[in-house]
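With the structure open in your viewer, please set the display to a cartoon and keep the selection panel at hand. The tour below moves from one selection to the next and says what is to be found at each stop.

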Amino acid sequence: MSTFDDPEILRSVLEELPTGVYLVGRDGKILFWNHGAERITGHLRQDVVGHLCREDFLGETEGNAEQVSATAAALEAVLKDGKATESQVSFRHKSGYLVPVRLRAVAMRDSHGAIIGAAESFDEVVDLGEWNRRHNKLAEYGCLDAASGVLTHKVTEARLRECLATYADQPVPFCIVCIAFDHLEEVKGRYGAGALAAVLRVAGQSLENSLRPTDYLGRWQENEFLAIVLECNETEIPRVGERLRKTIASAKITWWGDSLPVTIAMGATAAKAEDTVAEIMRRAEEALRESIALGGNQMVVLE
C-alpha cells in the first residue's frame, strides 16, 4: 500500500482544507467536520458531530420548523438518488451573522456502488480573509463605525455624493435604501442599551455580507443604516430588499441567552437627474416612514 492509500493521510488532508467539508451517514448524522467548516461557520466539531443535519443549526429556515434547510435537502436528495447537487445559500455563523456560501453535495459509495453516506463542501462567496483585511485597513483610517463595523456616516455621505456626481455624467442607475430596525425601543426597554450594540454588530455584518462588493453600507443615523446599491433600478431594488429582509430574519441575535426578535423596515428610491444628497435622502426617508407606518418588515419604494 502506498503512502497516499493510508486513510489517516487522506483524513489529515481533509482536516486541513480551507474549504468547509463535512460527511453524514445514511441516517443523516454528521460524522466528520473539518477545520474549514469550523472557520467558516464558527461551529466546532464537538458542537456538531453526532447531530442530525436536519437540526438546522446553520439557520437557513428562518425559524420555521416545517421547513427543511437547503443543506439538509441537498444531502437527503443525494442520499436518495446519488446525484450531485450545487447551490448557493447563506449559513448562519455561530456569532449570529450570515455568510453566503456555495454548497456542493456528493454521494459516498462503498466498493459495490451502494450509497453509504454523503459529503458536502462549501466555500464563502465573499472572501472573508480579503474582507477582514479591507475592514482592518478602513478601520486604521477611521472609516468604520465602531459599534456596527460598517462605514461611518461621514464616509457613507461622501460615497453617496460621489455616486451622484458619477450619475450626472454617466447615468448608470443606482438606488439607495434606508434601513431601520422595527420596534427597537421595545428591545431597548426590555433588554437595555447593551442589547442594541449586539443588534447593530450582527445586523451590520449580515447586511454587508448580503450586498455585493461593489455596493456600500454605512451607519446613517443612530439606529439606521444606508445601503447604496449600484447598477440597480426601481424594478430591481425590491429583490434586493427581500434578500436583506430575509437576511435579518435569519440572523440570530442573542443577548444573555435570549434571542432578540429583530426585523427591518426599508425605504428605497432610485437616483434621478439633478439629485442632491438632501433630495435623494428626502425620498428614501419618506419611503422608510411609509414602511414603518405599514408595520415594518418590508420595503417601500418611492418612485
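Begin by selecting S6, residues 174-181, in what is a predicted model; this strand is mostly covered, with 8 of its 8 residues buried. If you now show the side chains, Phe 174, Ile 176, Cys 178 and Ala 180 point one way from S6, whereas Cys 175, Val 177, Ile 179 and Phe 181 point the other way, and all of them are buried.

Next, widen the selection to the sheet to which S6 belongs, an open sheet of 5 strands with mixed pairing, whose order is S7-S8-S6-S11-S12. Strand S7 (216-221) and strand S12 (299-301) stand at the edges, and because each has a single partner strand, one side of each is left without a neighbour in the sheet. As you follow the sheet across, the twist averages 20 degrees from one strand to the next.

Then add S11, residues 264-270, which pairs with S6 in the antiparallel sense over 7 bridges. Two positions are worth labelling along this pairing: Ile 179 stands opposite Met 266 in S11, and Val 177 stands opposite Ala 268 in S11.

On the other flank of S6 in the sheet order, select S8 (224-230), which is joined to S6 by 7 bridges and runs antiparallel to it. Here Ile 179 has Phe 225 as its bridge partner in S8, while Cys 178 stands opposite Leu 226 in S8. Ile 179 therefore makes a useful label to keep on screen, since it has Met 266 opposite it in S11 and Phe 225 as its partner in S8.

Staying with S8, colour the strand by burial: 7 of its 7 residues are buried, so S8 is largely enclosed by the rest of the structure. Both of its faces are covered, with Glu 224, Leu 226, Ile 228 and Leu 230 buried on one side and Phe 225, Ala 227 and Val 229 buried on the other.

From S8, step outward to the edge strand S7, where 5 bridges join S7 to S8 in an antiparallel arrangement, and where the two strands form a hairpin with 2 residues between them. Arg 219 has Phe 225 as its bridge partner in S8.

Finally, select helix H9, residues 237-250, which packs on the sheet and touches S6, S8, S11 and S12. Looking along S11, you will find that the direction of H9 makes about 160 degrees with that of S11.

How values were computed:
Residues numbered from 1 in each chain as written. Predicted model: local features only at pLDDT ≥ 70, side-chain atom pairs only at ≥ 80, totals over all residues. Heavy atoms only, no water. Pairing = 2+ DSSP bridges. Helix = DSSP H or I, 4+ residues; strand = E, 2+ residues; numbered from the N terminus. Axes fitted to C-alpha atoms, helices over the stretch in contact; angles between N-to-C directions. Contact = heavy atoms within 4.5 Å. Buried < 20%, exposed > 50% of the residue type's maximum accessible area, 1.4 Å probe, protein only.
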